[in-house]
Amino acid sequence: MQPHSATGSPTPDDGSTALDHVRNMVSACIQCGTCTGSCPNALEMDLTPRKMWRLVILERLADVMASRTFILCSACYTCTLRCPRGLPLTTAMETLKGIAFTRREARHRNSRLFYEKFMQTVRHHGRLHEMAFMTGYFTAMKNPLTPLRFAPLGMKLMGKGKVEMGFGKSAATHLDALFDKVAEIERAAAAPLEKESHA
Amino acid sequence: MLACWQTCGYFNVFSNNVNKKTKKKHFFWQPFFLLKSELLSAMGRPAFHILVVDDESIIRQSLDAWLGDEEGYRVTMAASGAEALEKIAAAPFHLMLLDIKMPGMDGVTVLEKAKVIQPDLQVLMMTAYATVETAVEAMKIGAMDYLIKPFEPDALIPKVTAVYEAFREAGYRKETVGAIVLATGTTCFDPSVGKNPMGYGVVPNVVTSLAFERMLSGTGPDGGRLLRPSDKQPVKKAAWIQCVGSRDLQSGADFCSTVCCMFALKEAAVAKTVAGDDFQATIIYMDMRTFGKSFERYGQHTESTQGVRLERGRVHSIAPTPGSDDVAIRWTSASGEIHEERFDLVVLSVGQRPNARTASMAERLEVACDGFGFLKTAPFSDTRTGRAGIFAGGTLSGPSDIAESVIRASSAAVNASRTIHRAGGGLADKTAAPKTARDVSWEPPRILAVLCRCDTGTEMDLDLEAWSARLKQDPAVARVVNLDRICTADGWNALTQTDTTDVNRVLVGACRTFAYGKKAHGLTTAFGLDPALIETVAMDHHQGLGGPATVATIMAGISRLKNVSMEKNQGIAIVNRALVVGGGIAGMHAALAIADHGVDITLVEASEGLGGNLSWLHQTIDGTPIAPFLENTISQIEKHPKIEVMTDSRVVGAFGQAGHFFSTIETAGAPTMTVEHGAVILATGGVEAPTDAYGYGTSQAVVTQRELEIRIHENQLNTDGMTSVAMIQCVGSREEPRNYCSRVCCPTALKQALWMKSHSPDLQVYILYRDMMTCGLNEAWYTEARKQGVLFFQYEPNRKPEVSIDANEDMPVTVRLQDPILDAPVKITADLLVLATGIVLHLPETLTLAYGVERDRDGFFQEADSKWRPVEALKAGVFGCGITLSPRSIPEAVATAEAAAGRALAILMGERLPSARVTASVRHSLCTLCLRCIDTCPYGARFLDEAGQRVEVNPAMCQGCGDCATVCPNSASIVEGFSHRSLFGAIDGAMAM
């Protein structure tokens, strides 16, 4: 339990040890807001990156996890480039995604499934196979309305020949060894985090 | 290369020959202390300029490759004799390689002509075998040598090297010195080289602060009008972006440049006065660091009165606006929203950077640099390097402002002088005493009138003739001389060589600039006359020499000279002793610095022991313990034969002037005594400000920084039993009535937070601040504290934290505040609350009255000039140091102490102070002892002698106001140099139209 709290907001839960790694990354932050100003997605975010770091420093894991900010990070690295403290902000955002997926946060279920299925397709096919990915994602979502929501986009893409139909070409491109190795490296690097590979 | 070492207290600084092995690819630059060395020595081979003259391009190219690319010389080519001569005429060369057989003009002719243009040019002839005889002939007319074509580099290079070496050695000078002062300074950050150029050099109308200073200047590109560079349109809206190249780890600067906040405020304020009321100035800053003396008030005044807008934030993108020359900048405001705004002009407040050459200079001198490239200094000193006898002044040892640089410079100078004194040396030779003036007091006045002829023309000549005739009517005027343009060198020579053996007074009539210029003082030596016998008057040439103003001044001057009284003021004999008031670290260091020069010191301390604030301070922010430093200083004081320490003592009154003060000192349990001294240094220091804010005094859990320091010092702080500590900065500081920054509290908070974190890493430390004033190299500790997990909360003075204390709780202190980043209320519970209350001055009224010291608005010692005379009072002979000037850290206090000592020594090392001003005296034969003068004198300088028979004047106290002369019914009281006859004569003269 931290001796500080924001009155009127939910108090942080004890899972905040997971956050320590990120907290160390950004502890030297001086809250100048350069990251927020630089971020092309900041307008879409419910919390600006600066607020996000402030919450991380204050160890408010629940508030952090409730936010979509780190999901919206498109890893453009502008904030990392401009941060006057030279902090690894993009990596910190990425790590937050990892924490959210590890904790299987309900709020980030869609994103987690999207990432998982995407990487699964790559693992099986050696590249992104649109049809396999779509099928996997929609099945995992367990919501019959999801495909309908994406239908207009799907039609458009198909019309332009951007979606490859069928399920072929997968046999010879197993990347299991590579993926396993990456997972092993990541486990070793993030051992204290117990972060599962979202790959 | 260069070597230096120390023998018997002396450094030998000299050059020896180049190491033969490394010679080939070595570029030289030389350190700065080689006096008068030429550019060549300073820059090495790139400054050695060679001209290659040959009509064959292949030869030119290969010579360029050998000499330029391989050897590093500066090589210029000429394809013909004519071109070569043109180039020699344009700029001098060191060496010319000259082909003999060329179309057009042959080599020998070129040699002849070149020698006319540049006689000292070294020439190496290049010749085919067939023309060797010609080459020999060429040597007879001035070529130094020849080479037979074709030749290999091995044949050419040694010859060139020999010429280069000869030049280089001629440029060196060997100096044996007792100490070295380094003041090579810093450079301005160049934004264009970094990862993020902030639009500089990319977006039009983005300028650096240095360029902006030029734009504001009357001698600048637009004559002082504020026009933007791209289209020369008036600037109506400008933004300053702070921390460009400072506090920026991306560009390797984990330090604060210290000066940028203040110069941005100044530039914005000045720009407003230059560009008019509709000018909008915005400063976008991270922390407004108004940490220096009176800076806080200046900052507030700039914002509230002059309307400069201050925005907390950091600009992240600077872009051109399509279709105009405006600059668009974006930043995140304190409240979190993103601002985008267009400005006519954007000024980048660029910081200070260590000079790139500092590192190699330091290496040669075997002194250390820190990670940024600033010179490392010894603990508790800003000027002593790690090597005895080498000192640093100015910004070399860390970013500083003008006043601080001047203080460090004085400190470095006095330390250098001490080093030499300790080794038995002395200061530089004194200049020869000025030629004694002729004694003409018993001669009747014979005046030489010198009138300056400003322009040629008959009108002028007629005027001057009329004046000659008019002046000669006066029998006291012996001669009248007209000289052309005294303000020029020729005119000045003519004036100083004017024969004055037949006269005993001189009147010089010249234009205003000359008459009131400093140069006129030099005439005393030239004429061998007392300054009182030389009068310079201003002639107004614009209104004609017959104009009433000129007539009045010249005639008044003549009358004054005729009636000048010759009472001599012998000046003040200087008492070779200094009084230092205050036995804190500043007072002690001032005393030591002066005493090391053989001057006696009386050190007066009000408490029972020496040490001041250092007696309760535990350690510095970098962990250096303070006690050994204090003990060492005290033991030096006690052992010093020239220092007399008076504890439990107070100065209760004083009178006198620079060179001779009389101070009355009261000591507990001892008779009052009077000390005579030549200068006084006030170092009475300050104490932590008292407070009753935030529940202080109601609970053991609320302490001040000083109390925390004492607990740490006395091992009474058990951090193991604590969960959380909160610190509030700026308690009662930076707002009325204590509207100044105490400068030490932010670093102290970091120091204590880091100490606690190092003892129990799990302890949570919160620092609630307004602006973190971690200037200079302290910024790195701010970064470190954040890395260690200290939590920082910024608050605004209109929304201060709220504290409630409940002694029954486990953690008795609860602090509530609004976090500006999250815009959410935050509640902190803590075991301990530490208040940074700042410093209040301890400068008793009796002292300021006794020595005529003025105070600034906050009560601190008012210096004569905030930038250039930062440790002296307006009244000569009175100095201040340490916290008496303004709050400061230990090294800064020591620097001011040494600076004040240096300035005091400038007085104390002399024997007499020249007659600085006029004083009154009494003609006893006329005095009727009515005693009106004694009653009248506002300075109490007059008294009746012991026998009660004579009125005496204490020249040390007399201010020469003349009140006594006006009340004396018998004209027995006179002020030297202002006799009745002289004054009335001048008035009569002025009225004689």
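Accessible areas in these entries come from the Shrake-Rupley method with a 1.4 Å probe. I am working from a predicted model, and I keep that in mind for every value I note below.

**Entry 1: chain B as a whole**

I began with the surface of chain B, which comes to about 43,000 Å², and I noted that carbon and sulfur atoms account for 53% of that area. I then looked up the secondary structure and found 26 helices and 48 strands in chain B. Of the 993 residues in this chain, 54% count as buried. When I turned to contacts in chain B between residues at least 6 apart in sequence, I found that 68% of them join residues at least 24 apart.

**Entry 2: chain A as a whole**

I made the matching look-ups for chain A, whose secondary structure comes to 11 helices and 1 strand. Reading along the sequence, I wrote the pattern down as β-α-α-α-α-α-α-α-α-α-α-α. Chain A has 199 residues, and buried residues make up 46% of them. The exposed area of chain A is about 10,100 Å², with 59% of it supplied by carbon and sulfur atoms. Among contacts in chain A with a separation of 6 or more, those between residues 24 or more positions apart account for 69%.

**Entry 3: where the two chains meet**

How many residues of chain B are in contact with chain A? I found 40 residues of chain B in contact with 34 residues of chain A. The area buried between the two chains is about 3,000 Å², and carbon and sulfur atoms give 54% of it. I noted R786(B), I821(B) and L822(B) by name, since together they supply 22% of the area that chain B buries against chain A, more than any other three residues.

I also looked up the polar side of this interface, where I found 2 salt bridges between chain B and chain A, together with 19 residue pairs in polar contact, counted with both residues at pLDDT 80 or more. The elements of chain B that give two or more residues to the side touching chain A include the strands β15 (315-320), β16 (327-332) and β36 (764-769), and also the helix α21 (779-787). By class, I recorded 15 nonpolar, 14 polar and 11 charged residues on the side of chain B that touches chain A.

**Entry 4: a salt bridge between the chains**

I searched the whole structure for salt bridges and found 58 over all chains. One that I followed up joins the side chains of D819(B) and R54(A), with an N to O distance of 2.8 Å. This pair crosses between chains, from strand β39 (residues 813-819) of chain B to helix α3 (residues 49-57) of chain A. Are the two partners buried or exposed? I found that D819(B) is buried and that R54(A) is buried as well.

**Entry 5: two salt bridges within chain B**

I next looked at E898(B), which forms a salt bridge with R384(B), the closest N and O atoms being 3.6 Å apart. E898(B) is in helix α23 (residues 890-908), while R384(B) is in the loop between α10 (358-365) and β20 (390-392), so that I was looking at distant parts of the chain, 514 residues apart. I noted E898(B) as buried because its relative accessible area is 1%, whereas R384(B), at 28%, is partly exposed.

The other pair I examined is R422(B) with D596(B), whose closest N and O atoms are 3.1 Å apart. R422(B) lies in helix α11 (residues 402-422) and D596(B) in the loop between α17 (585-595) and β27 (600-604), so this salt bridge ties together parts that are 174 residues apart in sequence. R422(B) counts as exposed because its relative accessibility is 55%, whereas D596(B), at 17%, counts as buried.

I also noted one network of salt bridges that share partners, and its members include R85(A), R247(B), D287(B), R289(B) and E296(B).

**Entry 6: a look at S559(B)**

Last, I looked up S559(B), which has its place in helix α16 (residues 548-562) of chain B. Why does S559(B) count as buried? Its relative accessibility is 10%, and buried means under 20% relative accessible area. Leaving out residues up to four places away in sequence, I found that S559(B) touches G985(B), A986(B) and G989(B).

Terms used. Residues are numbered from 1 along each chain as its sequence is written. Chains are lettered from A and ligands numbered from 1 in the order in which they are written. This is a predicted model: local features need pLDDT of at least 70, side-chain atom pairs count only at pLDDT 80 or more; totals for chains, interfaces and linings use all residues. Side-chain values use heavy atoms; hydrogens and water are left out. Helices (H or I, at least four residues) and strands (E, at least two) are DSSP runs, numbered from the N terminus. Buried means under 20% relative accessible area, exposed over 50%, partly exposed in between (1.4 Å probe, protein chains only). Contact means heavy atoms within 4.5 Å. Buried area is the accessible area (1.4 Å probe) that two parts lose on being put together, summed over both. A salt bridge is a side-chain nitrogen of Lys or Arg within 4 Å of a carboxyl oxygen of Asp or Glu. A polar contact is a pair of N or O atoms within 3.5 Å; within protein, one must be able to donate a hydrogen and the other to accept it, and residues adjacent in sequence count only if both atoms are side-chain atoms. Ala, Val, Leu, Ile, Met, Phe, Trp, Tyr, Cys and Pro count as nonpolar, Asp, Glu, Lys and Arg as charged, and the others, Gly among them, as polar.
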